[in-house]
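Biologist: Hi! Could you walk me through this one while I have it open?

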Amino acid sequence: MADQIFSEKQSSVNTLSTAWNLYAKLVLSSASDKAQGTEEGRYRTYLEPCLGNTPLSDIKNLQIALLRQNLESRNLSPQTVYHCLSLLRRVLRRAIEWELYPGPIPVFRMPKFDNKRIRYLSKDEAAKLLANLKASSKLWHDITIFALNTGLRAGEIFKITLNDINFIDLSVHIKDTKSNKNRVVPLNKQALKVLLDNSRDGDKERPIFNININATQTRPFKKAVEKCGFNNGVVDRRERVVFHTLRHTFASWLVQKDVPIVIVSQLLGHSDLRMTMRYSHLAPNAAKSAVDTYLPEFETA
C-alpha cells in the first residue's frame, strides 16, 4: 500500500482519480462506515464520470460550472449538489497539501438551500409515541425518553457507557461529537433513571444502549412513528418525524419555557449560536419578559 501511494504521488499527470484514491486511503478510511459509503457513492456516481480522468491542473472554474450544470440537469436536490461540490473541494485541498498539483482551487459557487428540519413534537404527540413504544419495545421507549430529556444526537446516545456518567454532578460526558468538541450534559431524574435501568450488567466499557443505528434494530421506533400517523401525507422531508425530531423537540420545549438561547445552544453542543437561533421564533415574548422582569426599577421624575 505504501508503494502504491508513493507511486501515485510521483505520477507525472495527477488526475482527480489519483487525488480521490489518496483521499479515500488517508482521510476517508478513518470515518464511519456510513460516511465512507456516502462519500464513495457521491464520487463514483457524480464526480468520477465528469472529472475522474481530468488532470488536476485542468480543473478550472469552467469545469466546475459544467459539473454543476450536469448535476442540476439530473434533477438532484440543491443539498446533493452542494455535498458533491463540497467533496470535490475537500479532495482538491488535500491534493494541494500533498503536492499533487500547485493549485489554486477554482472558485466554487455553492447552491443555497435551507435543509433545517423544523418539525417537533407536542407534549400530546410525545405521549402518544411513548405509549406505542411501551407496548412494542421497552428499549426504544427508554431511548426515546432519554433523547427527549437530553437533546443528544443518536450517535452520541449510542456511545454512552457507565464510565461517561458522573454520579456526583449528575451529568454525562459526551465525547467524539459531530463538532469534534467534547461536552458535559446534565442529567435530570428521568434521564438518569433510564441510564441506570439499562446498565444493570455493570459493564462500564460497553455502550449502555448497544444499538446499531444503521441496522434493523431501529425498526421499533420507525414502526411506532408509523402507527402514530405523524408522517401521513407529509411530502417535505423537513416536516417528517424521525429520531432526530426528538432533539428538535427537546430544544423547542426549552425555548418555549423561555430558557435562554445561549443555554439551549450549550446543551445541544452547537458550534455556532446561529444554529440555535432557528428556535427563537418559539419564544416571541421572551424579549419583552426579559426587560419587564429582570431590570431594576428606578423612581421616575
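Modeller: Sure, we can go through salt bridges, cysteines, backbone details and surface patches, keeping in mind that this is a predicted model.

Biologist: Great, salt bridges to start. How many does the structure hold?

Modeller: The structure holds twelve salt bridges. As general background, side chains of opposite charge can pair when their charged atoms come close.

Biologist: Which residue does E72 form a salt bridge with?

Modeller: The partner of E72 is R68, and their closest N and O atoms are 2.8 Å apart.

Biologist: How are E72 and R68 placed in helix α4?

Modeller: They are four residues apart in helix α4, so about one helical turn separates E72 from R68. As for solvent, E72 counts as partly exposed because its relative accessibility is 38%, and partly exposed covers the range between 20% and 50%.

Biologist: And E97, which side chain does that one meet in a salt bridge?

Modeller: E97 meets R94, at 3.7 Å from N to O. Both residues belong to helix α5, where they are three residues apart, about one turn of the helix. R94 has a relative accessible area of 30%, so R94 is partly exposed.

Biologist: What about R153 and E156, buried or exposed?

Modeller: R153 is buried, and E156 is buried too. These two form a salt bridge, with 2.7 Å between the closest N and O atoms.

Biologist: Which residues are joined into one network by salt bridges that share partners?

Modeller: That would be E39, R42 and R90, joined into one network through shared partners.

Biologist: Switching to cysteines. How many disulfides does a search of the whole structure find?

Modeller: Zero disulfides turn up in the whole structure. Take C50: the nearest cysteine sulfur belongs to C84 and is 9.6 Å away, and C50 is in no disulfide.

Biologist: How far would count as a disulfide here?

Modeller: The two sulfur atoms have to be within 2.5 Å. C84 is likewise in no disulfide, its nearest cysteine sulfur being that of C50 at 9.6 Å.

Biologist: Is C84 buried or exposed?

Modeller: C84 is buried, because its relative accessible area is 0%. C50, in contrast, has a relative accessible area of 32%, so C50 is partly exposed.

Biologist: Now the backbone. Which peptide bond is cis?

Modeller: The one from G103 to P104 is cis, with omega near 0°. You'll find P104 in the loop between α5 and α6. For context, most peptide bonds are trans, and most residues other than glycine have a negative phi.

Biologist: What phi does N75 have?

Modeller: N75 has a positive phi of about 60°, although N75 is not a glycine. This residue is in the loop between α4 and α5, and N75 counts as exposed because its relative accessibility is 71%.

Biologist: And D258, what is its phi?

Modeller: D258 also isn't a glycine, yet has a positive phi of about 65°. Look for D258 in the loop between α11 (245-256) and α12 (261-268). With 41% relative accessibility, D258 counts as partly exposed.

Biologist: Let's move to the surface. Which residues form the positive patch?

Modeller: R219, K222, K223 and K227 form the positive surface patch. K223 lies in helix α10, residues 219-228. Since the relative accessibility of K223 is 52%, K223 counts as exposed, the threshold for exposed being over 50%.

Biologist: How far is V225 from K128?

Modeller: Their C-alpha atoms are separated by 9.4 Å, while K128 and V225 are 97 residues apart along the chain. K128 is in helix α6, residues 123-136, and is partly exposed, with a relative accessible area of 41%.

Biologist: Last one: which residues form the nonpolar patch on the surface?

Modeller: V262, I263, L273 and M277, with about 330 Å² of accessible area together. M277 is in the loop between α13 (273-276) and α14 (286-293), and at 38% relative accessibility M277 counts as partly exposed.

Biologist: Perfect, thanks for the tour!

Key
Residues are numbered from 1 along each chain as its sequence is written. This is a predicted model: local features need pLDDT of at least 70, side-chain atom pairs count only at pLDDT 80 or more; totals for chains, interfaces and linings use all residues. Side-chain values use heavy atoms; hydrogens and water are left out. Patches are made of residues with over 30% relative accessible area and no salt bridge: like charges are joined within 9 Å, nonpolar side chains (Val, Leu, Ile, Met, Phe, Trp, Tyr) within 5 Å. Accessible areas come from the Shrake-Rupley method with a 1.4 Å probe; for residues, only the protein chains shown count as cover. A salt bridge is a side-chain nitrogen of Lys or Arg within 4 Å of a carboxyl oxygen of Asp or Glu. Lys and Arg count as positive and Asp and Glu as negative; His and the chain ends are not counted. The place of a charge is taken as NZ of Lys, CZ of Arg, CG of Asp or CD of Glu. Helices (H or I, at least four residues) and strands (E, at least two) are DSSP runs, numbered from the N terminus. Buried means under 20% relative accessible area, exposed over 50%, partly exposed in between (1.4 Å probe, protein chains only).
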